Structures are given as C-alpha cells and as structure tokens.
Amino acid sequence: MLKPILLVEDDKRDLELTLIALERSQLANDVIVLRDGAMALDYLRREGEYAERAEGNPAVILLDLKLPKVTGLEVLQAVRADAGLRSIPVVMLTSSQEESDVLRSYEFGVNAYVVKPVAFDQFVSAIAELGIFWAVLNEPPPGSLKATRRNE
Amino acid sequence: MQPPEVDLSSCDLEPIRVPGSIQPHGRMLVLEPGSLELVAWSDNWPIGQLQAAQQALRGTALPALQPGARPVSLGALRVAEETFDVAAHRSDRHLFAEFEAALPTAGNEAPIYSLGRVFLPKLQEAGTLEQLTQLAAAEMKRLTGFGRCLIYRFDAAGHGEVLAEEADPGYDSYTGHRFPASDIPQQARALYLVNQFRLIADAGYTPVPLRAADPALTAADLDLSQSQLRSVSPIHLEYMRNMGTLASMSVSIVIDGKLWGLISCHDHRPRFLDTGTRLACEHLGQLLSLQIHSKESNVAVAERLELRQLTLQIVSHLSDSDATLQRLVAEPSLMLRLARATGAAVVRDDEVWSVGDVPVRAQVLELASWIAGIGTDVYESSELPAHFAPAAEFRDVAAGVLAISISQVHRHLILWFRPEIVQTIQWAGNPQKPKAAASGRIHPRLSFSSWAEEVRGRSAAWTSAEVGAAVELRQALIGVVLRRAEELAAVATELGRVNKELEAFSYTVSHDLRAPMRHIAGYVDLVAQTEGRQLSERAHRYLGHVKDAAAFAGQMVDALLDFSRMGRAALKQRLVDTKPLVDGLVRELARLEPSRRIEWQVDAALPALYADPLLLQVAVRNLLANAVKYSRTRNPQRITVRAIRGELGNGLEVQDNGVGFQMKYVDKLFGVFQRLHRAEEFEGTGIGLANVKRIVERHGGTVWAKGVMDEGATFGFVLPHREPGNDHAVGTPRDNGEQHA
C-alpha cells in the first residue's frame with residue numbers, strides 16, 4: 001500500500017484541475033483532499049474528526065499557500081514544529097510569485113515551491129513532476145521509513 | 001624721588017592701587033577702624049599735628065563708615081589753627097582720612113547748585129548724544145576752569161573716541177580723534193569704575209610717601225583705590241608732561257556698571273580744585289551718565305520695536321506661504337531692512353538663495369560652512385577679513401556679516417552682508433607704533449601729533465538691536481521650520497500608508513486574478529481535449545479566442561505584478577558592462593523570431609553602467625523588444641544601439657525604423673498601460689515602457705523618446721555616474737567595450 005498524497009486546497013476549481021493533473025500523472029497513491037489548514041492539521045495530528053484514522057504520515061503534502069482559517073505558511077510551521085510530522089515533504093502550491101512568500105516558505109523549511117502555471121498543459125506537467133519526485137522517487141529521511149514503498 | 005625704570009609692556013601690571021604715596025596737595029591718616037590707632041600717615045604732617053588731627057577725627061561719625069563705600073565728607077575740621085576739608089572712607093582693613101586745606105568759597109553759590117539750576121534743564125533739552133556731550137564739555141570747562149575739556153567714549157576694542165571738546169586758544173584740538181586703548185591700562189580702567197573722580201593738580205609734583213607705625217607694614221598693605229589723594233603712576237605723569245599737560249582731572253562716565261567713557265580735562269598749568277567744585281564735577285558726571293543712558297535706552301527701545309515689527313512681518317509672510325526658508329528672499333526689502341544690510345542670503349545645505357549684493361555662490365557657501373563650523377547660533381562680525389581670510393576677496397560686498405544658524409544638524413543659515421567702509425581714523429598718536437626708545441629709556445607716548453590711519457576690511461558695526469532682531473527671527477524661524485517638519489513627517493507617514501495599501505492592493509489583485517485566468521485556460525483546454533471531436537470548427541475557433549484572451553490577461557497580471565515589485569525591490573547595484581548584455585539580448589530576440597531579417601547595428605563600445613544587473617536587463621530587453629516589435633512591418637528592419645556618454649551619466653539609445661509615433665503623445669508613452677497603437681496591430685500589455693521608466697528613475701537616471709510618424713522611434717536613457725568612493729563593483733570597470741571578447 002502506497003502512502004497517500006495529502007492535497008490541501010480550498011479553491012474547488014484548482015482542486016479539480018490538480019486532481020486531473022495528478023490522475024494524468026498516473027500515480028498510484030491515494031490522494032486525500034482537505035479544504036482548509038485546520039482540517040489538515042487535525043488530519044496530520046489524528047485529532048478531532050480524524051482521531052480514528054489509521055496511523056501513518058502522507059508521502060507528501062501539496063499545500064496551497066492561501067487557505068482559510070489556518071494559512072499554508074502556518075500549516076507548514078506547525079508541521080515543522082511537530083517531531084512526528086517534521087519529516088513529511090511539503091510542497092507549496094501557489095499563484096503568488098512574491099519574493100517574500102517564497103522566502104518565508106523556505107525559512108519555514110518548505111521542500112519545494114511551485115507557482116501554478118497559467119497554461120493547463122504546463123500545469124499538468126508541473127503537478128506530474130512534483131508527484132513523481134516527492135511521492136515516488138524522493139528517499140524519505142532514515143528512521144521515518146516504513147515498508148510502504150510502491151515496489152514492496 | 002627717582003623715577004622707576006619701567007617697561008611699558010608691564011603697564012598692566014603696575015600696582016597703581018597701592019603706590020604707598022599721595023599727592024602733596026593734601027595729607028592722609030590711616031587708622032585702625034576699631035581702636036582708631038594710627039597705622040600710617042603721610043610724610044607731610046608738621047611735627048605735633050598728627051595727634052591733633054587724630055583727636056579731631058574722634059569727634060566725627062567715623063564708626064558709621066562702610067568698607068568699600070565711596071568717601072564721605074566729614075566737613076571742615078580744625079587742626080592746629082588750620083581748617084581742613086576732610087573726607088574719610090574704609091577699606092577692609094583700614095580707615096583712611098584725607099585732609100585738604102579748605103579754601104574760601106568763591107561767590108555766594110556752591111558750584112553744585114548752578115548745575116541743578118542751569119545745566120540740568122539744558123541737558124534735558126539736548127536731542128542728540130553730540131549735543132549732550134558738547135553741553136557737558138562746556139559746563140565742565142566753565143566749572144573747573146581747565147584749559148581743555150574732552151568727552152570721549154570707549155569703543156568695543158577699548159579705543160577712546162573724542163565726541164566733544166571745549167578748549168581755550170593755544171590748546172591742541174582732539175575733536176574726532178581716537179586715543180588708543182593702550183593709553184589706559186586695564187587696572188586703570190578698573191580703577192575708573194571704583195573711583196570715578198581723579199585729580200592730578202600738578203604733574204610735576206613730588207609724591208609724599210606714607211609712613212607706617214609698624215615697620216613691617218608695606219605699601220602693598222595700604223589700598224588707596226578710593227583715595228582722592230592717591231599718587232598716580234609715574235608713567236602717567238610722564239605721559240602728561242609729554243603732552244604738555246601739568247594738571248588733569250577726569251570723571252568717569254559709567255553706564256550699566258561699565259565704563260562708557262570719560263570726561264577728561266587738561267591744563268597747561270597746575271590747577272587745584274576745591275572740594276565743592278570737585279563734588280560738582282562728580283555730580284555733572286553722574287547727570288551726564290544718566291542722560292546718555294536714557295537717551296541710548298530710548299533709541300534702543302525704538303529700534304527694537306521697529307525691528308520686532310519687521311521680524312513679525314517676515315515671519316507672518318513665511319507662515320502664510322507653503323514654501324520653506326527660501327521664501328525669505330522673496331520679500332527682499334524686509335530682509336535687508338531687518339539688519340540694515342545691503343545683501344542677504346539663505347543657505348540650505350548646498351543651495352543658496354540671495355538678494356541684494358552678496359559674494360558669489362561658492363564664496364557664500366564657503367563662508368556658511370565656516371560659520372556653521374563655529375557652532376554658534378548667531379555669528380556677527382564687522383571685520384570679517386580679520387577672522388576669515390577668504391573674505392578679503394569679497395570685502396567690497398561683505399566686509400561684515402551677521403548670520404543665524406537655523407539647524408545644528410543641517411547647514412541652514414541666513415546671512416546678512418554689509419560692504420566695506422574705508423574709514424580714515426585720526427589717532428592722537430600712532431596706536432601701533434612702538435613707544436620710541438630715546439636715550440636708552442623707554443618713554444610713554446613722546447608724540448601726540450595726529451596720525452591718520454586708513455582702516456580697511458571693515459563694515460559698519462552691527463548694533464545690539466540688529467543682532468537681537470536676528471536672534472528673534474531665528475527663534476521664530478525655528479518654530480516655523482519645526483512646524484513644517486512635523487507637517488512633512490505627517491504627510492510622509494500618510495504617503496507611506498497609502499503606498500502600502502496600494503502595494504497590497506496590486507499584490508492581491510494580481511495574485512487573485514491569476515487563479516481565474518488559470519481556470520479559464522485550464523477548462524478550455526479540458527473541453528478541447530475531451531469534447532474536441534464533437535465540436536464544430538466555429539466552436540474550436542471560439543475556444544481559441546477564449547484561451548488567447550485568458551493567456552493575455554495572465555501576462556497582463558504578471559506584468560502588473562512585476563511593475564509593482566519593481567517599485568519595492570531593493571537595488572543591488574554594481575558596475576554592469578552593457579556590451580555583453582546587449583549582445584546577449586540581440587541573440588535571444590533573433591532566436592525568438594528566426595524568420596525576421598533584422599539589421600542590428602550595435603556600437604562596438606558600450607558603456608559600463610552602475611546598476612542592478614537584473615533590472616537593467618529588464619529595461620534594455622524592453623527597449624530592444626519594442627524596437628523589434630514596432631519595426632516589424634519594415635523590410636529590412638534596422639535597429640541601432642548607441643552609447644550615450646555625458647556629464648550627467650552614461651546610457652544607451654535604441655533607434656528603429658519602425659512605425660514611430662507623434663511627438664505630441666510622447667508624455668503618454670511611459671505611462672502604465674498606455675498604448676499608442678491598436679491592440680490588434682502590435683501585441684503587448686503596454687507596461688513595458690512604464691517598467692523601463694520606473695527602473696531608470698529608481699537608479700536616479702532619465703529616459704527619453706523621440707519619434708517621427710512612419711519613420712521610426714528612438715528610446716534612450718542615462719544612469720548617473722557611480723558616486724566616487726562607493727565602489728562595490730564586482731569585476732573590473734570596463735568603459736571600453738572593445739576589450740570584451
């Protein structure tokens with residue numbers, strides 16, 4: 001069983017387009033979709049609504065920068081501050097090219113920062129590349145490794 | 001008595017208060033104040049009269065004397081068949097009694113009464129200082145019978161200037177002359193304040209030494225400051241004899257506790273004054289002092305009032321305006337009148353605004369720097385070249401300066417100027433001439449013949465009222481300037497806030513607009529891909545338009561975001577060689593449109609510019625891309641890139657042979673989203689030139705455009721030369737592009 005990809009996105013069109021892109025990239029991972037930062041943190045910490053979910057961290061978090069309630073940057077900060085979550089790769093997906101957003105994301109320890117391209121085919125390929133790199137090829141840090149790799 | 005060997009340079013050190021001797025026209029007793037025991041006495045008491053005199057004193061009001069107070073007349077005392085006018089005073093340690101033979105009064109009226117009856121009313125009528133002093137000189141001469149009577153005033157440097165004179169035939173006239181300050185040494189001036197009357201009845205006198213009861217007592221122990229009989233300096237006696245004067249008398253004119261001047265009388269023959277006349281002389285001196293004081297006060301008050309009025313006018317004028325200090329010179333007559341100046345200048349750092357006759361700008365700036373360096377709020381000089389050597393160059397317009405400093409932080413000064421007045425001063429003797437040394441002895445002042453001196457490098461002096469007015473103006477201006485600074489700070493804060501809001505707005509708009517553009521583009525693609533086969537040709541065309549429109553809107557949003565970012569991003573400036581930059585861009589543009597035949601002419605030597613390399617590239621790319629775009633219809637397309645080198649800076653100019661533009665629209669070219677062509681003719685967001693302008697201006701440079709309709713356009717810019725000493729350049733500065741391989 002592959003670890004799932006956690007997608008945190010509030011815009012339903014972006015969500016649909018991202019899902020189509022992930023589908024086209026032919027990744028076998030499940031995609032768990034959450035619509036805001038607070039839910040994302042509950043899920044990751046197995047709290048509230050997600051207290052009963054099965055153990056295990058996602059392969060990667062695709063995080064929209066602008067989220068209601070708890071922003072992407074705040075989710076990122078919380079993940080990096082939590083010993084149990086720290087090692088999950090986080091990719092920031094955003095419309096913003098603002099230098100300050102990029103800088104702050106990197107300050108908080110983001111693994112990648114992707115500006116969503118306007119053209120759809122470019123968007124598809126960007127998402128596909130991301131998924132393949134972070135969910136499949138990326139070697140997780142030692143210690144966090146569980147026998148959940150695709151080829152096992 | 002042997003005249004002491006003296007060096008005139010030691011005049012200031014001569015112990016004139018404690019000469020240890022008196023003049024022979026009187027006698028002195030020095031007593032212990034409590035016991036009235038004899039401490040010392042003049043050597044001219046006949047044998048046996050000492051005790052009689054001491055006895056006579058016992059019957060008087062001696063114990064009431066206050067130490068340091070002026071002498072008190074004890075009236076006539078008889079001592080061994082002789083009648084004396086006796087005056088007494090106390091020092092800290094001793095009691096002094098001075099005895100002078102009483103003379104029968106001349107006439108039936110004491111001299112002092114005629115002063116009150118005749119002189120005072122005349123004095124009150126006198127309108128000017130000249131009239132006052134002339135009256136006083138005449139009255140003094142009448143009162144004393146001295147051959148010549150002068151009234152003179154000391155200037156700031158201590159030189160005496162003769163204001164009035166009354167002289168008998170045969171006496172030299174000193175009207176308008178000046179006596180050098182060195183004629184009266186420091187301690188003598190101090191004594192003129194303590195003891196305001198002095199008589200030397202006979203310059204040829206032999207001093208009478210004082211004898212002490214206790215041999216241990218020395219001359220230095222007996223302070224004769226207040227004594228009427230005090231023996232004067234032998235130097236002074238020699239001075240008098242040189243002057244042909246055998247008797248002299250002086251009364252101090254004291255105003256506000258300062259020695260303002262002297263009434264000075266001379267006679268060719270010895271002349272004695274009785275007590276009554278002496279008292280009248282002292283009284284006359286006091287009356288004159290009071291009158292001069294009130295006259296000067298009135299003049300000063302009137303002057304102050306007038307100047308304050310002017311200051312108010314200037315300041316109200318300034319507060320009404322929205323401008324800064326430079327507005328001061330907009331109303332020249334007020335400024336000049338305030339300080340009775342012929343020129344004035346306002347200096348703000350390196351800027352100068354002036355009115356009237358002033359030195360040239362560089363000289364004003366140099367002077368302002370020097371004055372600012374002194375660090376005082378107010379500076380004044382009426383002989384500027386003596387303090388500031390470069391002023392000799394412009395003394396014809398500014399030998400005198402009055403300056404106020406408005407800010408200690410910035411160089412903000414206001415200066416008033418007065419031209420040189422060449423004065424001819426008649427000195428009674430050359431004040432600079434070393435005292436002639438004849439026959440091995442140093443003599444004071446052998447020559448009193450007039451000596452004319454031409455004084456240069458001086459202006460009329462600034463009066464205290466004028467300086468006061470400048471100080472008041474300074475206070476008022478500081479108030480105005482401070483208020484203005486506060487207002488500016490408030491405006492700046494508000495601007496900053498508005499700017500932040502605008503940035504946030506454009507950021508949000510650009511950011512949030514990108515998403516819908518992306519969605520449109522995305523869904524259009526999806527429709528085309530999934531339903532493509534079922535769609536008509538026309539529907540495909542429509543979808544194509546939707547996609548193009550979305551893509552264009554996306555570019556526009558990106559451009560807007562770039563533009564907003566360009567205004568905020570910090571410049572990382574270094575020296576950038578523009579030759580490889582231009583060559584690289586030319587290659588890139590050629591690659592983008594391989595089908596076009598463009599004749600590029602790029603100067604072999606392009607300048608190195610001090611700029612942020614990334615932003616500079618954005619600017620140059622915009623100019624080159626524009627040239628390519630707007631010459632598209634030409635065959636061949638010709639684009640020229642030239643170097644611009646000038647005093648204000650270096651830069652580039654890009655010329656094309658394209659569609660050009662009408663010069664009347666030149667101002668619109670650089671505006672955000674301004675286009676001069678219909679969108680279907682030439683693609684683009686219309687923000688490129690706005691970006692170029694913003695980049696160039698953030699570097700402190702300038703942009704320009706020249707165009708001829710249907711013939712082509714030229715766009716250029718220059719950036720300022722790098723500031724010297726600010727060399728953070730990476731790599732070698734290379735002005736010569738030919739070196740670049």
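Here are some short exercises with worked solutions on the predicted model shown above.

**Exercise 1. Chain A from end to end**

Task: Find how many helices and strands chain A has, and in what order they run.

Solution:
- Step 1. Count the elements: chain A holds 5 helices and 5 strands.
- Step 2. Follow the chain from its N terminus, and the elements read β-α-β-α-β-α-β-α-β-α.
- Step 3. Turn to burial: chain A has 152 residues, and 48% of them count as buried.
- Step 4. Look at contacts between residues at least 6 apart in sequence: in chain A, 65% of these join residues at least 24 apart.
- Step 5. Finish with the surface: about 7,500 Å² of chain A is accessible, and carbon and sulfur atoms account for 51% of that.

**Exercise 2. The sheet of chain A**

Task: Work out in which order the strands of the chain A sheet lie, and whether the pairing is parallel or antiparallel.

Solution:
- Step 1. Recall that strands of a sheet pair through backbone hydrogen bonds, in either a parallel or an antiparallel way.
- Step 2. Read across the open sheet of chain A: the order is S2-S1-S3-S4-S5, with parallel pairing.
- Step 3. Find the edges: strand S2 (31-34) and strand S5 (112-115) of chain A each pair on one side only.
- Step 4. Add the twist: on average, neighbouring strands of this sheet are turned by 20° against each other, direction ignored.
- Step 5. Zoom in on one pair: strand S4 (residues 90-94) of chain A is joined to S5(A) by 4 bridges, and A:Thr94 has A:Val115 as its bridge partner in S5(A).

**Exercise 3. A nonpolar patch**

Task: Name the residues that make a nonpolar surface patch of about 170 Å².

Solution:
- Step 1. The patch is made by A:Leu19, A:Val31 and A:Val33.
- Step 2. Place one of them: A:Val31 belongs to strand S2 of chain A.
- Step 3. Check its exposure: the relative accessible area of A:Val31 is 31%, so this residue is partly exposed.

**Exercise 4. Salt bridges that link separate parts**

Task: Of the 34 salt bridges over all chains, take three and say where their partners sit.

Solution:
- Step 1. Start with A:Glu9 and A:Lys116, whose closest N and O atoms are 3.0 Å apart. A:Glu9 is in the loop between strand S1 (5-8) and helix H1 (12-24) of chain A, while A:Lys116 is in the loop between S5 and helix H5 (120-137) of chain A, so the pair ties together parts 107 residues apart in sequence. Both A:Glu9 and A:Lys116 are buried.
- Step 2. Move to chain B, where B:Glu82 and B:Arg27 form a salt bridge (3.9 Å, N to O). B:Glu82 lies in strand S5 (residues 82-90) of chain B and B:Arg27 in strand S2 (residues 27-31) of chain B, 55 residues apart. B:Glu82 is partly exposed at 29% relative accessible area, whereas B:Arg27 is buried at 14%.
- Step 3. Then take B:Arg340 and B:Glu303, which meet at 2.8 Å, N to O. B:Arg340 sits in the loop between helix H7 (332-338) and strand S14 (343-348) of chain B, and B:Glu303 in helix H6 (residues 275-320) of chain B, so this salt bridge ties together parts 37 residues apart in sequence. B:Arg340 is partly exposed, with a relative accessible area of 39%, but B:Glu303 counts as buried at 14%.
- Step 4. Widen the view to a network: shared salt-bridge partners join A:Glu9, A:Asp14, A:Asp64, A:Lys116 and B:Arg518.

**Exercise 5. A hairpin in chain B**

Task: Find which residue stands opposite B:Glu82 in the pairing with S5(B).

Solution:
- Step 1. Strand S4 (residues 72-79) of chain B pairs with S5(B) in the antiparallel sense over 7 bridges.
- Step 2. Opposite B:Glu82 stands B:Val79.
- Step 3. S4(B) and S5(B) form a hairpin with 2 residues between them, and B:Ala80 in the turn has a positive phi of about 45°.

**Exercise 6. A sheet and its helices in chain B**

Task: Describe the open sheet that contains S14 of chain B, then find helices that lie on it.

Solution:
- Step 1. The 5 strands come in the order S15-S14-S18-S17-S16 (chain B), with antiparallel pairing.
- Step 2. Strand S15 (351-356) and strand S16 (378-381) of chain B are the edge strands.
- Step 3. Neighbouring strands of this sheet are turned by 10° against each other on average, direction ignored.
- Step 4. S14(B) and S15(B) are joined by 6 bridges, and B:Val347 has B:Val352 as its bridge partner in S15(B).
- Step 5. Helix H8 (residues 361-374) of chain B lies across S14, S15, S16, S17 and S18 of chain B, at about 115° to S18(B).
- Step 6. Helix H11 (residues 464-531) of chain B also packs on the sheet, where this helix touches S16, S17 and S18 of chain B and makes about 25° with the direction of S17(B).

Definitions and conventions:
Residues numbered from 1 in each chain as written. Chains lettered and ligands numbered in written order. Predicted model: local features only at pLDDT ≥ 70, side-chain atom pairs only at ≥ 80, totals over all residues. Heavy atoms only, no water. Buried < 20%, exposed > 50% of the residue type's maximum accessible area, 1.4 Å probe, protein only. Contact = heavy atoms within 4.5 Å. Areas by Shrake-Rupley, 256 points an atom, 1.4 Å probe, with all protein chains shown as cover. Pairing = 2+ DSSP bridges. Axes fitted to C-alpha atoms, helices over the stretch in contact; angles between N-to-C directions. Patch = residues over 30% accessible without salt bridge, like charges linked within 9 Å, V, L, I, M, F, W, Y side chains within 5 Å. Salt bridge = Lys/Arg side-chain N within 4 Å of Asp/Glu carboxyl O.
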